[in-house]
Structure formats: C-alpha cells, structure tokens
Amino acid sequence: MSALEGGGGGTLSEIYHSAKRLLLRTRDELEKLERLEYTAASSMDSSDLSTSIKRDITQIQSLCVEMDRLWRSVAAKSQRDLWKRKVEQVAEEADSMKQSLDNYFLRNQKRMMEAKERAELLGRANGDSAHILRIFDDEAQAMNSVRNSSRMIEEASATGEAILFKYSEQRDRLKRAQRKALDVLNTVGLSNTVLKLIERRHRVDNWIKYAGMILTIVAVFVFVRWVR
C-alpha cells in the first residue's frame, strides 16, 4: 500500500481512516436527530445537532476530494482500483447522509409551516386563543361525561339483567317445589279443595313475581333515562 502525502494533509490511508471515523460519528448523530424529531426535545438541541452533522458531512466530502486526488497517484493498478472503490464508497455514504439531512430539513420546514398555518386559521376563526383552548377543554370534559354515562348505563343494564335472571331461577324453583308438593298431596289423598287453594296461592305468587319484574324493568328504564 502506497504512503502518498496529501499536500500536508496526511497519507491516503490516514485520510481514509479519518473519513471512516467521521462517517461513524455522523451516522450516530443522524440516528439521534431522527429520534429527537419525534420527541419533545427542544428545537435548540435539534438545531445544534443538525448543524454539527452538516459540518461533519462537509468535512467528509472535502476528504473525499483529497482522497480522489491521491488514489490516482498510486503506482500499482490493483491498489489503485482498490482505493478507487474505497473512496467511492465513502463518497456514496456521505451523499446518502447528506440526503437524509436534507430530508430532515424539509420535514422540519413543513412542520413549521403547518403549525404556522394552523395558528393563523385559529387566529382568524377566533382572535382569542385562550377561548379556543377552553372550548377544547369543554369538549374533552363532555366526552368524559358521555363515557361515564355510558358506563353507568351498562352497569344499570347488567344489574337489571342479573335481577331478572334471579327471578327466573326463583320461578323455576317454585315450579319444581309445586310439583313435588302436588305429588305429596296426591299421595296422602288431600281433598281437591286444598289443591285448588294451593293453585290459587301459586297464581297470586306468580302475579307478585311478574309485578316485581315489571317494576324492576321500569326502575332500570327510568334510571337510564335519568342518566342520559
């Protein structure tokens, strides 16, 4: 490998390693800048970092110009072709990073323009920005109230369903108890009059149950209407 001097700037190998170190640092800085883009970091931090990246890329491109001059002076063709590929690779990486930085600047400029347009639209719609913020707060509170009301309605509906299910279970148990009682009464030979009295009492119990179910449904309906 030839050790050519770069006009006081070091050998080709030294300049290449310096460029590679700058590439690694610039790549890390670009990743950090992209992370800051989607966080609440201050614009000053992003501005300082982007300025540092731009300066590093410019330095890498200057080193590429110097290396491009030096590799042409390498005597051996195989070494000359090798250095040509290395220098082209560094230059391509530098161009790619510059493109990424330019894209960041474009996105940042677009966000700033959109924020300015939103502020102007809000200002034209209502000159009092504090009033607009209060409107947003009122809307948020209204949405919370609606969600709370919806949850209360769901809870009331679930309670009503549970009550009706309990009544249904009790009705089934009463029917089974009635059948058992009738079987026992038939076995001991009670009179038809006693059986009729029992049946009449069962009808009255059914009326009481149905009335209780209707009252429960009405109460749930009134509660839902009141919540709304």
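These legends accompany several close-up views of a predicted model.

**Figure 1. The whole chain, an all-helix arrangement of five elements.** Let us start with the overall picture. The secondary structure comes to five helices and zero strands, and from the N terminus on the elements run α-α-α-α-α. Of the 228 residues in the chain, 23% are buried. The views that follow look at contacts within and between these helices.

**Figure 2. An aromatic pair joins helix H1 to helix H3.** Tyrosine 16 and tryptophan 83 make one of the two aromatic pairs in the structure. Their geometry is edge-to-face, with 5.5 Å centre to centre and 80° between the planes. Tyrosine 16 belongs to helix H1 (residues 12-37) and tryptophan 83 to helix H3 (residues 77-125), so the pair ties together parts that are 67 residues apart in sequence. Are these two residues buried or exposed? Tyrosine 16 is buried, and so is tryptophan 83.

**Figure 3. Lysine 86 lies over the faces of tyrosine 16 and tryptophan 83.** Stay with the two rings of the previous view and add one charged side chain. Lysine 86 lies over the face of tyrosine 16, at 5.3 Å from the ring centre. Lysine 86 also lies over the face of tryptophan 83, where the distance from the ring centre is 4.8 Å. The two rings that lysine 86 covers are themselves partners in the edge-to-face pair.

**Figure 4. A tilted aromatic pair is formed by tyrosine 104 and phenylalanine 105.** Here the ring centres are 5.7 Å apart and the planes make an angle of 55°, which means that the pair falls short of the 60 degrees above which planes count as edge-to-face. How accessible is each partner? Tyrosine 104 has 5% relative accessibility and counts as buried, whereas phenylalanine 105, at 30%, counts as partly exposed.

**Figure 5. A salt bridge between arginine 27 and glutamate 93 links helix H1 with helix H3.** A search of the whole structure finds seven salt bridges, and this view shows one of them. The closest N and O atoms of arginine 27 and glutamate 93 are 2.7 Å apart. Arginine 27 lies in helix H1 and glutamate 93 in helix H3, so the contact ties together parts that are 66 residues apart in sequence. Arginine 27 counts as partly exposed, at 31% relative accessibility. The aromatic pair of tyrosine 16 and tryptophan 83 joins helix H1 and helix H3 as well.

**Figure 6. Two salt bridges each lie within a single helix.** In helix H2 (residues 43-71), glutamate 66 and arginine 69 are three residues apart, which means they are separated by about one helical turn. Their closest N and O atoms are 2.6 Å apart, and arginine 69 is partly exposed, with a relative accessible area of 43%. In helix H3, aspartate 102 and lysine 98 are four residues apart, again a separation of about one helical turn. For aspartate 102 and lysine 98, the closest N and O atoms are 3.2 Å apart. Aspartate 102 is partly exposed at 28% relative accessible area, and lysine 98 is partly exposed at 36%.

**Figure 7. Threonine 51 and leucine 101 are 9.9 Å apart in space, C-alpha to C-alpha.** Along the sequence, threonine 51 and leucine 101 are 50 residues apart. Threonine 51 is found in helix H2 and is partly exposed, with a relative accessible area of 44%.

**Figure 8. The C-alpha atoms of methionine 152 and valine 224 are separated by 8.2 Å.** How many residues lie between these two positions along the chain? Methionine 152 and valine 224 are 72 residues apart. Methionine 152 is found in helix H4 (residues 129-188). With a relative accessible area of 35%, methionine 152 is partly exposed.

**Figure 9. Residues 207-227 carry the UniProt annotation "transmembrane region".** The annotation comes from an unreviewed entry. Over residues 207-227 the chain is 100% helix and 0% strand, and the end C-alpha atoms are 30 Å apart. Which residues make the nonpolar surface patch of about 430 Å²? The patch is made by Val204, Trp207, Ile208 and Tyr210. Tyrosine 210 lies in helix H5 (residues 192-227) and is partly exposed, with a relative accessible area of 40%.

Definitions and conventions:
Residues are numbered from 1 along each chain as its sequence is written. This is a predicted model: local features need pLDDT of at least 70, side-chain atom pairs count only at pLDDT 80 or more; totals for chains, interfaces and linings use all residues. Side-chain values use heavy atoms; hydrogens and water are left out. UniProt positions are given in the numbering used here, feature names are shortened, and annotations may be inferred rather than shown by experiment. Patches are made of residues with over 30% relative accessible area and no salt bridge: like charges are joined within 9 Å, nonpolar side chains (Val, Leu, Ile, Met, Phe, Trp, Tyr) within 5 Å. Accessible areas come from the Shrake-Rupley method with a 1.4 Å probe; for residues, only the protein chains shown count as cover. A salt bridge is a side-chain nitrogen of Lys or Arg within 4 Å of a carboxyl oxygen of Asp or Glu. Buried means under 20% relative accessible area, exposed over 50%, partly exposed in between (1.4 Å probe, protein chains only). Rings of Phe, Tyr and Trp (its six-membered ring) pair if their centres lie within 6.5 Å; planes under 30 degrees apart count as stacked, over 60 as edge-to-face and the rest as tilted. A charge sits over a ring if NZ of Lys or CZ of Arg is within 6 Å of the ring centre and within 35 degrees of the ring normal.
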